[in-house]
Amino acid sequence: PKHTNAKTGRVTMQKAKLDLPLLLPDAPDEADACVARLLGDLTGRDGIVQAHIAPAAGGDPAKLCIHFEPKAISLGRVREIAESTGARITERFGHVLWDIDSGLQHAGRARTVTEYLQRVPGVLEAVATVAGPLRIEFDRSLTSESALHQVLRDLSVDVPPHAPETI
């Protein structure tokens, strides 16, 4: 869509909409910190006026909406910047979602595991609950999925070997 100046009829701004899951395939949802990283990186670039997320609706995935000035930057360049930024973020930040076989039978134990994981260098977010899967977001430059497996084994938390890899 294009925005035009009412007096001159000239295009002053255009909007690009890109599927968020294609840009950040590992981000579990729109509230993930990687989405905020993507928005933060795009906002303030020359020619980009605004970047925001349009929530998923009617079976369509969430969209990254980028409002830009076509005189300053082309649609192709906007897409290229968004795709390369998403790839860079995906390469650096990992997300795991593991079902736990044993070790989190009580809320207090889940809280302890969460707190311990949050102190591991490179772990940006960790949530362990009795009722759901263990969710960890981590910086791949500081830790790895195998290191997180080891931390959990040291805590006597059993992550099954068939646990899904990084999401």
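A salt bridge is taken here as a side-chain nitrogen of Lys or Arg within 4 Å of a carboxyl oxygen of Asp or Glu. In this predicted model, R135 and E125 meet that criterion, because their closest N and O atoms are 2.7 Å apart. R135 lies in strand β7 and E125 in strand β6 (residues 123-127), so the contact ties together parts that are 10 residues apart in sequence. E125 is partly exposed, its relative accessible area being 31%.

R135 also forms a salt bridge with D32, where the closest N and O atoms are again separated by 2.7 Å. This pair links distant parts of the chain: R135 belongs to strand β7 (residues 134-139), while D32 sits in the loop between α1 (20-23) and α2 (33-42), 103 residues away. Both ends of this bridge are buried, with relative accessible areas of 17% for R135 and 3% for D32. Through shared partners, the salt bridges join D32, E125 and R135 into one network.

For a helical example, it is worth turning to α3. Here R77 pairs with E80, and the closest N and O atoms of this salt bridge are 2.4 Å apart. Both residues lie in helix α3 (residues 75-92), with a spacing of 3 residues, or about one turn of the helix. R77 counts as partly exposed at 37% relative accessibility, and E80 is likewise partly exposed at 45%.

The structure holds 9 salt bridges, among them the pairs described above.

Methods: Residues are numbered from 1 along each chain as its sequence is written. This is a predicted model: local features need pLDDT of at least 70, side-chain atom pairs count only at pLDDT 80 or more; totals for chains, interfaces and linings use all residues. Side-chain values use heavy atoms; hydrogens and water are left out. Helices (H or I, at least four residues) and strands (E, at least two) are DSSP runs, numbered from the N terminus. Buried means under 20% relative accessible area, exposed over 50%, partly exposed in between (1.4 Å probe, protein chains only).
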